[in-house]
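Student: I am new to this structure and would be grateful for a close look at one part, the aromatic rings. Please also place that part in its wider setting.

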Amino acid sequence: MSEQSSEQNMDNLNQTTPDVSDTSTDQAFLNRLRQNIDTVDCEIQALINNRAQLAQQVAVVKKEHAANSDADITARNPIFYRPEREAQVLKAVMARNTGPIADEKMARLFREIMSVCLDLEAPQRIAFLGPLGTFTHAAALKHFGKAADTLPLTTITDVFREVEAGTAMYGVVPVENSSEGVVNHTLDGFLSSTLKIIGEVELPIHQNFLVAEHTKLDGLSRIYSHQQSLAQCRHWLDVNFPNIERVAVSSNGEAARRLKNEWHSAAIAGDVAAAEYDLHKLYSNIEDNPSNTTRFLIIGHEAIAPSGQDKTSIMVSANDKAGALIEILKPLSYHGVSMTSIETRPERPNKWAYVFFIDMDGHIQDPNVSAAIADIRPLVKDLRILGSYPKAVL
């Protein structure tokens with residue numbers, strides 16, 4: 001919106017001061033406010049379309065550059081989704097925000113605008129651990145926006161496979177929960193995959209007690225949910241529905257889906273499931289721990305440039321000797337690299353051998369991170385950089 005237009009809108013407001021004792025004056029002032037809102041809406045719409053046209057021009061330039069490249073034809077596909085660029089844009093949105101809209105809500109508005117613009121450049125197909133209505137589905141929408149084409153899959157292995165095959169451009173998989181710990185299937189996926197981590201999503205886990213339009217509460221006999229969600233709401237259920245059977249199913253999305261044909265059942269699931277299956281939230285935020293959060297990884301093929309606030313993840317196969325882990329960690333301390341997470345998984349097919357998954361602050365292009373990793377390499381059997389990627393913004 002131009003400064004001139006903004007000043008004109010303020011002048012229009014200042015020219016009319018309502019007289020609370022005069023109903024007709026109140027209505028006139030309200031009409032003036034609505035007219036100004038309509039004017040602002042027109043300006044916003046024009047600016048959004050202008051942004052979309054610029055995005056389309058970016059796509060043209062990328063395609064022309066790729067076509068003229070000397071690279072092998074398989075490497076000529078332009079990359080349209082740039083997570084480091086999007087992270088920088090969203091952080092800038094929050095930094096310059098002056099309210100009254102909260103910083104994160106303003107960033108979410110821009111997230112959707114960016115999603116629509118990216119869809120104009122090149123539609124993005126995103127695989128995720130399904131079915132529809134799961135928290136992984138919510139994480140995919142949070143990260144890529146609602147304009148993305150989402151593909152629900154049955155297992156984490158399927159998500160890795162579809163991204164590797166190119167059927168999906170990117171994948172979203174859960175990696176750890178603040179209450180339940182690490183998701184081993186996701187870590188194991190990297191043992192046999194060459195995919196990289198290109199981003200992360202942190203999603204607060206808020207559970208809802210859901211019913212369908214035809215549900216008869218006085219005849220309620222069972223409550224569906226994933227076993228972890230049932231555990232996360234155990235105290236609330238003990239207090240409010242102590243005598244109702246709790247049935248664990250494969251996902252919260254499946255729990256919500258089952259209500260379509262059952263009048264005597266309820267489900268525990270998140271907001272996306274409620275919207276996806278047109279269910280009513282009888283009770284909201286029923287989780288016992290309100291700070292419960294799940295972290296998800298975005299997986300893809302390409303290396304990501306620095307965003308300014310990044311993480312690096314590595315996978316290390318250690319030598320079988322005393323003090324091997326201490327040797328690995330010393331270079332991080334020496335070079336001032338902060339380790340944020342470490343997990344251990346069996347090194348298949350070898351018996352009693354293990355790999356370490358280590359997350360650290362910084363990007364592989366940062367001198368201290370690069371130096372630390374260089375010092376670790378000769379100390380281990382193998383070291384693979386899983387990816388350097390922007391820290392979760394929203």
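Tutor: A charge is taken to sit over a ring if NZ of Lys or CZ of Arg is within 6 Å of the ring centre and within 35 degrees of the ring normal. The model shown is a predicted one. In it, Arg96 lies over the face of Phe110, at 6.0 Å from the ring centre. Lys216 is placed in a similar role, with its charged end over the ring of Trp263, 5.6 Å from the centre of that ring.

Rings may also meet other rings. Such a pair is described by the distance of the centres and the angle of the planes. The count of aromatic pairs here comes to 10. One of them joins Phe209 and Phe241, which are stacked, with 4.7 Å from centre to centre and 5° between the planes. Planes under 30 degrees apart count as stacked, so the angle of this pair meets the rule. Phe209 belongs to strand β6 (residues 208-211), while Phe241 is found in the loop between α9 (234-240) and β8; the pair therefore ties together parts that are 32 residues apart in sequence. Both Phe209 and Phe241 are buried. The two also belong to a cluster, in which ring pairs link Phe209, Trp236, Phe241 and Tyr283.

The loop that holds Phe241 leads on to β8, and that strand opens the wider setting. Strand β8 (residues 245-249) pairs with strand β7 (residues 222-226) in the parallel sense, over five bridges. Within this pairing, Ile223 stands opposite Arg246 of β8. Strand β7 has a further partner in strand β9 (residues 265-269), again in the parallel sense, here over three bridges. Tyr224 stands opposite Ala267 in β9.

A further feature of the setting is the largest pocket, with a volume of about 740 Å³. Its lining consists of 30 residues, of which Leu129, Thr136, Pro174, His226 and Gln228 lie nearest the centre. Among the elements that give two or more residues to this lining are α5 (135-144), β3 (170-177) and β11 (293-300). The most comes from α8, which gives three residues. By kind, the lining of the largest pocket divides into 18 polar residues, 11 nonpolar ones and one charged.

Notes. Residues numbered from 1 in each chain as written. Predicted model: local features only at pLDDT ≥ 70, side-chain atom pairs only at ≥ 80, totals over all residues. Heavy atoms only, no water. Pairing = 2+ DSSP bridges. Helix = DSSP H or I, 4+ residues; strand = E, 2+ residues; numbered from the N terminus. 1 Å grid on protein atoms, 1.4 Å probe; cavity = no way out; pocket = protein on both sides within 12 Å on 5 of 7 lines; lining within 4 Å. Points joined across faces, edges and corners; volume = space filled by probe spheres on them. Nonpolar A, V, L, I, M, F, W, Y, C, P; charged D, E, K, R; others polar. Phe/Tyr/Trp six-rings, centres within 6.5 Å; stacked < 30°, edge-to-face > 60°. Buried < 20%, exposed > 50% of the residue type's maximum accessible area, 1.4 Å probe, protein only.
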